[in-house]
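These are my notebook entries on a single chain, written while I went through its strands, rings and loops. I began with the contacts between charges and rings.

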Amino acid sequence: QVQVVESGGGLVQPGGSLGLSCAASGIIFSRFNMGWYRQAPGKERELVATITSGGNTIYADAVKGRFTISRDNAKNTIYLQMNNLKPEDTAVYYCNARVGVIYWGKGTLVTVSS
């Protein structure tokens, strides 16, 4: 059974930092491309960052220079380090694992507010 589980969300002030984790099980993790997406209230889900099985990364323009995606294949986990957070970063953050098929987690809420 495949499981993708996000953690690390919470409330942070503007300008602050937060780190998210996503652990996957039931898959050969090292073969999967992984990604972070987010969905703000009233908006569609959008790409935040992706990392391929080979470690190549892509970032949305809105987060370039502020967010960093990384992976640890030994721990079957990816991370999203978010710095200089802005109120517009408030969203539910989802992780996915994909190689043909796509597995999604249930999301973790990040709220950026003073």
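Entry 1. Charge over rings.
I first fixed the criterion: a charge sits over a ring if NZ of Lys or CZ of Arg is within 6 Å of the ring centre and within 35 degrees of the ring normal. I note here that the model is predicted. With that criterion I looked up Arg45, and I found that Arg45 lies over the face of Tyr94, 3.7 Å from the ring centre. I then checked Trp104 and recorded that the charged end of Arg45 sits over that ring too, at 4.6 Å from its centre.

Entry 2. Aromatic pairs.
I asked how many aromatic pairs the structure holds. The search returned 3. For Phe32 and Tyr103 I noted ring centres 6.3 Å apart and planes at 40 degrees. Planes under 30 degrees apart count as stacked and those over 60 as edge-to-face, the rest being tilted, so the pair of Phe32 and Tyr103 is tilted. I located Phe32 in the loop between β3 (18-25) and β4 (33-39), and Tyr103 in strand β10 (residues 101-104). The two residues are 71 apart in sequence, so the pair ties together distant parts. I also looked up accessibility: Phe32 has a relative accessible area of 11% and is buried, whereas Tyr103 is partly exposed at 29%.

I turned next to Tyr37 and Trp104, whose pair is edge-to-face, with 5.2 Å from centre to centre and 70 degrees between the planes. Tyr37 belongs to strand β4 and Trp104 to strand β10, and the pair links parts of the chain 67 residues apart. Tyr37 is buried, with 18% relative accessible area; Trp104 is partly exposed, with 37%. I recorded finally that ring pairs join Tyr37, Tyr94 and Trp104 into a cluster. Two members of this cluster, Tyr94 and Trp104, are the rings that I had listed under Arg45.

Entry 3. Strand β4 and its partners.
As Tyr37 lies in β4, I examined that strand further. I found β4 mostly covered, with 5 of its 7 residues buried. I asked in which sense β4 and β9 pair, and over how many bridges. The pairing is antiparallel, over 7 bridges. Within it, I noted Ala97 of β9 as the bridge partner of Met34. β4 also pairs with β5 in the antiparallel sense, over 5 bridges, and there Gly35 stands opposite Thr50.

I then inspected the turn. β4 and β5 form a hairpin with 6 residues between them, and Gly42 in the turn has a positive phi of about 75 degrees. Lys43 is found in the loop between these strands, and I noted it as exposed, at 58% relative accessibility. From Lys43 to Gly100 I recorded 26 Å, C-alpha to C-alpha, for 57 residues of sequence separation.

Entry 4. The nonpolar core.
I asked which residues of the largest nonpolar core touch the most other members. The core has 29 residues, and the answer is Met34, Trp36, Leu80, Met82 and Tyr93. At least two core residues come from each of β3, β4, β5 (46-51), β7 (67-72), β8 (77-82), β9 (91-99) and β11 (108-112). I looked up Leu80 in detail, setting aside neighbours within four places in sequence; its contacts include Leu18, Leu20, Trp36, Val48, Phe67, Ile69 and Tyr93.

Entry 5. The four-stranded sheet.
I traced an open sheet of 4 strands in the order β1-β3-β8-β7, with antiparallel pairing. β1 (3-7) and β7 are the edge strands, each pairing on one side only. Direction ignored, neighbouring strands of this sheet are turned by 15 degrees against each other on average. β3 and β8 pair over 6 bridges, and Cys22 has Ile78 as its bridge partner in β8.

Entry 6. Positive phi outside glycine.
I closed with two asparagines. Asn76 has a phi near 50 degrees, a positive value in a residue other than glycine. Asn76 is found in the loop between β7 and β8 and is partly exposed at 25% relative accessibility. For Asn84, phi is likewise positive, near 50 degrees. I placed Asn84 in the loop between β8 and β9 and noted a relative accessible area of 42%, which counts as partly exposed.

Key. Residues are numbered from 1 along each chain as its sequence is written. This is a predicted model: local features need pLDDT of at least 70, side-chain atom pairs count only at pLDDT 80 or more; totals for chains, interfaces and linings use all residues. Side-chain values use heavy atoms; hydrogens and water are left out. Rings of Phe, Tyr and Trp (its six-membered ring) pair if their centres lie within 6.5 Å; planes under 30 degrees apart count as stacked, over 60 as edge-to-face and the rest as tilted. Buried means under 20% relative accessible area, exposed over 50%, partly exposed in between (1.4 Å probe, protein chains only). A nonpolar core is a set of buried Ala, Val, Leu, Ile, Met, Phe, Trp, Tyr and Cys residues joined through side-chain atoms within 4.5 Å. Contact means heavy atoms within 4.5 Å. Two strands pair if DSSP finds at least two bridges between them. Axes are lines fitted to C-alpha atoms, for helices over the stretch in contact, and angles run from 0 to 180 degrees between N-to-C directions.
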